[in-house]
Amino acid sequence: MIQLYNTLSRQIESLRPINPPKIGLYSCGPTVYSFAHIGNLRAYVIWDTLRRTLTLNDLQVQHVMNITDVGHLTDDADSGEDKMIIAMRREGKSAFDIAEFYTKAFLSDMRRLNVLEPHAMPRATAHVAEQIEMIKLLETRGFTYRTTDGIYFDTSKLADYGKLSGQKLEEKMAGVRVEMGEKKSPTDFALWKFSPANVTREMEWDSTWGVGFPGWHIECSAMSRKYLGVPFDIHTGGVDHIAVHHENELAQTEGAFGKLQANIWMHNEFLTVDAGKMGKSLGNMYNMQDVLDRRFEPLAFRYLCLGTHYRTKLNFTWEALKGAQNALQKLYERVRELEAPAIGCADYERDFLSAMNNDLNTPQALAVMWRLFDDVELPSAGKAQSLLYFDQVLGLGLENYIGKALEIPADVQSLVDDRQRARVEKDWARSDELRAQIQALGYEIDDRAVGTRLRKVA
C-alpha cells in the first residue's frame, strides 16, 4: 500500500485510487517568463519520482502539468503586473514568443534531469474558453462579484475556505496585509481581470464581463478538470503555493462543482542556498545553465535531490553538488564492472519499493541501493538487474553504464599515455599541463597506487 502525506488532512494516508488502476496526477507547472531556477527544478524531480513510483506499483498514471503563460501577476493579492508583460518589456519580444522560448528551455532542463514528460501540458492561453465557462458556473452559483477591475471570488460564501492551509477565514484575514481596493475581503481573489482602459494588451480576450484575461488560479482548476475530471487523485506543488494558489484552486473548484478538486495534496519544501534565501538580488538564483557552466552533470543535481526527503528543506551549496557528483560517478564506475543483468535480488527490491511507498523516502531508497553493492554474497548479474529495477524510480540513467566499459576516445587516450610517461620521468609540470588538457575534454583522471583511472565528467 502506498502511503503519502496529504496536506489537506495533515497526515499520512493510504493512496486509494478513484478508478483503479488509473491515477490522475496534476503538477503545478512553470510560469514561462524566465528560466526555471534550481528550486523549481527540485520540485519537478520530486514529482517525477512520485510518478515513477506509482508506475512501479503497476498503476496507470495520467500526468498533467500546466504551462502558465498568462495571468500570473507579480503579487498574489491580484495586484502588480502580469509576469509575461514584464518579460516583454525586458526582452523586446512578443508574449507568445517569450512563452515559446522559455517553455522549450524548461523542457530542455527536464530532459537533462531525466524527468519524464507529462502526458499533457496544457497552456493557459489555449484554455481561456474553459476558464470562462468555469467562472460563469461560479457566477450562477453565487460565488462571484464585480469590481471596476475584474470579477472576484467571494471567499465568505464558502464555509470551509482555508481548510488546505489549516487557517479559518478570519485567521487568514488577520494575517493579510494587502491593499483591499474594492475587494470585500483581502482573501477574495480575481477570476477575471479587465484590461486597463486605453491600454491594449497582447494577451486579452473577450468575455461576457468585458475584455480582459483570466486570473492565475482559475487556469489550474479549469484545466485539471478538463484532463482529469473532478475529483482526481493527486495534486502536487511547492509549499509556497499552499496558502494562496492551491487554497484558491480548491475553493473555486468546490464552489463550481461541490466536490474536492483532488483527494491528496502533496507539497515539497523549499530549496535554500548556503542556508539562506535564494533571490536575484542576492546573486544566488541559479538555474541549469549555472550548473552546466561549473561543469556539473545535470543528473548530479537529481542525485542531490534524492538524498533529502521531499518534505524537508534542501540546502544547496556547490560543495554539496560536488559531493553528489562524486557519489554518482562512483555509482557509474561500480556498475560498469557488473555482469549483464539477470535474475534480481528480491529482498532488496522489496526494501526499495517499501521505502518509496513510505511517502517517497528517497534517502532510504538510496541507502538500500548502496547496501546492495556492499553485499558480497549477491551475484553480480543479480545486482545489475535490481539496479535497473531501482532506476525505474531513481532515473539516474544506469542502463547506459551497467556492464559497459568506458570508451575512451583516441585523442584522450593519447594524452593519458603522454601524461603517464611524464610522471615516470618526474616531469610534474608537463604532467599537470596534460591533466588540464584531459579535463578540458571532459574527463577526470585519478592517480592510484597501481595505474590511473579515467572517468567522464561532462
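## Exercises on a sheet and two pockets

**Exercise 1.** In this predicted model, which residue of strand 6 is the bridge partner of Tyr145, and in what order do the strands of the open sheet lie?

*Solution.* Begin with the pair itself: Tyr145 has Tyr152, in strand 6, as its bridge partner. Next, place this pair among its neighbours, since strand 5 and strand 6 (residues 150-153) run antiparallel and are joined by four bridges. Then extend the view to the open sheet, in which four strands follow the order 5-6-7-8 with antiparallel pairing; strand 5 (144-147) and strand 8 (212-214) are its edges, each pairing on one side only, and from one strand to the next the twist averages 25 degrees. Finally, add helix 4 (residues 128-140), which lies across strands 5, 6, 7 (189-194) and 8 and runs at about 120 degrees to strand 7.

**Exercise 2.** Describe the largest pocket, and state which element gives the most to its lining.

*Solution.* Take the volume to start with, about 1300 Å³. The lining comprises 41 residues, and those nearest the centre are Tyr33, His37, Asn40, Lys83 and Asp240. By class, the lining of this pocket holds 15 nonpolar, 19 polar and seven charged residues. Helix 1 gives the most to this lining, namely five residues.

**Exercise 3.** Carry out the corresponding description for the second largest pocket.

*Solution.* The volume of the second largest pocket is about 370 Å³, and among its 18 lining residues Arg336, Leu406, Leu454, Arg455 and Lys456 are closest to the centre. Strand 14 (452-456), helix 10 (318-336) and helix 14 (410-424) each give two or more residues to that lining, with the largest share, five residues, coming from strand 14. Its lining divides into eight nonpolar, three polar and seven charged residues.

Conventions
Residues numbered from 1 in each chain as written. Predicted model: local features only at pLDDT ≥ 70, side-chain atom pairs only at ≥ 80, totals over all residues. Heavy atoms only, no water. Pairing = 2+ DSSP bridges. Axes fitted to C-alpha atoms, helices over the stretch in contact; angles between N-to-C directions. Contact = heavy atoms within 4.5 Å. 1 Å grid on protein atoms, 1.4 Å probe; cavity = no way out; pocket = protein on both sides within 12 Å on 5 of 7 lines; lining within 4 Å. Points joined across faces, edges and corners; volume = space filled by probe spheres on them. Nonpolar A, V, L, I, M, F, W, Y, C, P; charged D, E, K, R; others polar.
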